[in-house]
Amino acid sequence: MSIELHHNEALIKRANASLQAVTGSMPVLNGDLQLTDQRLILQLHSHANPRQVIEVHLASIAQLEKGWTKILGIIPIMHNALIVHRHDDKPLNLSVAQVDDWLTAIDEQSAQFV
């Protein structure tokens, strides 16, 4: 699945990711995570809504945090959760491989909006 980029927008990083229902819960929806120089974009793979996209403009990110993916919300199994705290909305909780690389890349790109 390809996401249409805005004029003068560059793709920085891309990977498979899973959306967690709440912080620390098991992933519920898989998708394609993309970082551009302007946005963090998650295009979900859902049969009910195959074009569902969650976009976060980098300027709206208040804080990034690394967390745990947990079974039943209490038993930690992997330290691969990327928690994106937004100024204008509830946190976006993702499970993604190489989460430390994602944290660094998002920090680098969002620095231009501070």
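The following exercises, each with a worked solution, concern a predicted model of a single protein chain.

**Exercise 1. Overall architecture**

Determine how many helices and strands the chain has, and in what pattern they follow along the sequence.

*Solution.* Step 1: the secondary structure amounts to one helix and seven strands. Step 2: read along the sequence, these elements give the pattern β-β-β-β-β-β-β-α. Step 3: turning to burial, 42% of the 114 residues in the chain are buried. Step 4: the exposed surface of the chain is about 6,500 Å², of which carbon and sulfur atoms supply 52%. Step 5: of the contacts between residues at least 6 apart in sequence, 48% join residues at least 24 apart.

**Exercise 2. The environment of strand S3**

Establish why strand S3 (residues 39-44) is described as largely enclosed by the rest of the structure.

*Solution.* Step 1: a residue counts as buried under 20% relative accessible area. Step 2: consider the two faces of S3 separately. On one side, Arg39, Ile41 and Gln43 are buried; on the other, Leu40, Leu42 and Leu44 are buried as well. Step 3: six of the six residues of S3 are therefore buried, so the strand is largely enclosed by the rest of the structure. Step 4: the pairing of S3 can then be added. Strand S4 (residues 53-57) pairs with S3 in the antiparallel sense, over five bridges. Within S4, His57 is the bridge partner of Arg39.

**Exercise 3. Strands S5, S6 and S7**

Describe how S6 pairs with S5 and with S7, and identify what connects these strands.

*Solution.* Step 1: S5 and S6 pair in the antiparallel sense over nine bridges. Ile71 stands opposite Ile75 in S6. Step 2: the two strands form a hairpin with three residues between them. In its turn, Leu72 has a positive phi of about 60 degrees. Step 3: S6 and S7 also pair in the antiparallel sense, over five bridges, and Ile83 stands opposite Asn93 in S7. Step 4: the connection from S6 to S7 is a hairpin through two residues.

**Exercise 4. A nonpolar surface patch**

Identify which residues form the nonpolar patch on the surface, and which strand gives the most to it.

*Solution.* Step 1: the patch consists of Ile71, Leu72, Ile74, Ile75, Ile77 and Met78, and together these have about 600 Å² of accessible area. Step 2: strand S6 (residues 75-86) gives the most, with three residues. Step 3: examine two members individually. Ile74 is placed in the loop between strand S5 (61-71) and S6. Its relative accessibility is 63%, so Ile74 counts as exposed, the threshold being over 50%. Met78 lies in strand S6 and, because its relative accessibility is 46%, counts as partly exposed. Step 4: locate the surroundings of Met78. Leaving aside residues up to four places away in sequence, Met78 touches Gly67, Trp68 and Thr69. Met78 and Trp68 are ten residues apart in sequence, and their C-alpha atoms are 5.6 Å apart in space.

**Exercise 5. Two buried polar residues**

Classify Gln20 and Ser110 as buried or exposed, and state which polar contacts their side chains make.

*Solution.* Step 1: Gln20 lies in strand S1 (residues 11-20). With a relative accessible area of 3%, Gln20 is buried. Step 2: a polar contact of 2.9 Å joins the side chain of Gln20 to that of Thr69. Step 3: Gln20 and Asn93 are 73 residues apart along the chain, yet 5.3 Å separates their C-alpha atoms. Step 4: Ser110 belongs to helix H1 (residues 99-110) and counts as buried because its relative accessibility is 14%. Step 5: a polar atom of the Ser110 side chain lies 3.4 Å from the backbone oxygen of Asp107.

**Exercise 6. Positive phi outside glycine**

For Asn8 and Gln98, find where each residue lies and what its phi value is.

*Solution.* Step 1: Asn8 lies in the segment before S1. Asn8 is not a glycine, although its phi is positive, at about 65 degrees. Its relative accessible area is 62%, so Asn8 is exposed. Step 2: Gln98 is found in the loop between strand S7 (89-96) and H1. The phi of Gln98 is near 55 degrees, again positive in a residue other than glycine. At 56% relative accessibility, Gln98 counts as exposed.

Methods: Residues are numbered from 1 along each chain as its sequence is written. This is a predicted model: local features need pLDDT of at least 70, side-chain atom pairs count only at pLDDT 80 or more; totals for chains, interfaces and linings use all residues. Side-chain values use heavy atoms; hydrogens and water are left out. Buried means under 20% relative accessible area, exposed over 50%, partly exposed in between (1.4 Å probe, protein chains only). Helices (H or I, at least four residues) and strands (E, at least two) are DSSP runs, numbered from the N terminus. Two strands pair if DSSP finds at least two bridges between them. Patches are made of residues with over 30% relative accessible area and no salt bridge: like charges are joined within 9 Å, nonpolar side chains (Val, Leu, Ile, Met, Phe, Trp, Tyr) within 5 Å. Accessible areas come from the Shrake-Rupley method with a 1.4 Å probe; for residues, only the protein chains shown count as cover. A salt bridge is a side-chain nitrogen of Lys or Arg within 4 Å of a carboxyl oxygen of Asp or Glu. Contact means heavy atoms within 4.5 Å. A polar contact is a pair of N or O atoms within 3.5 Å; within protein, one must be able to donate a hydrogen and the other to accept it, and residues adjacent in sequence count only if both atoms are side-chain atoms.
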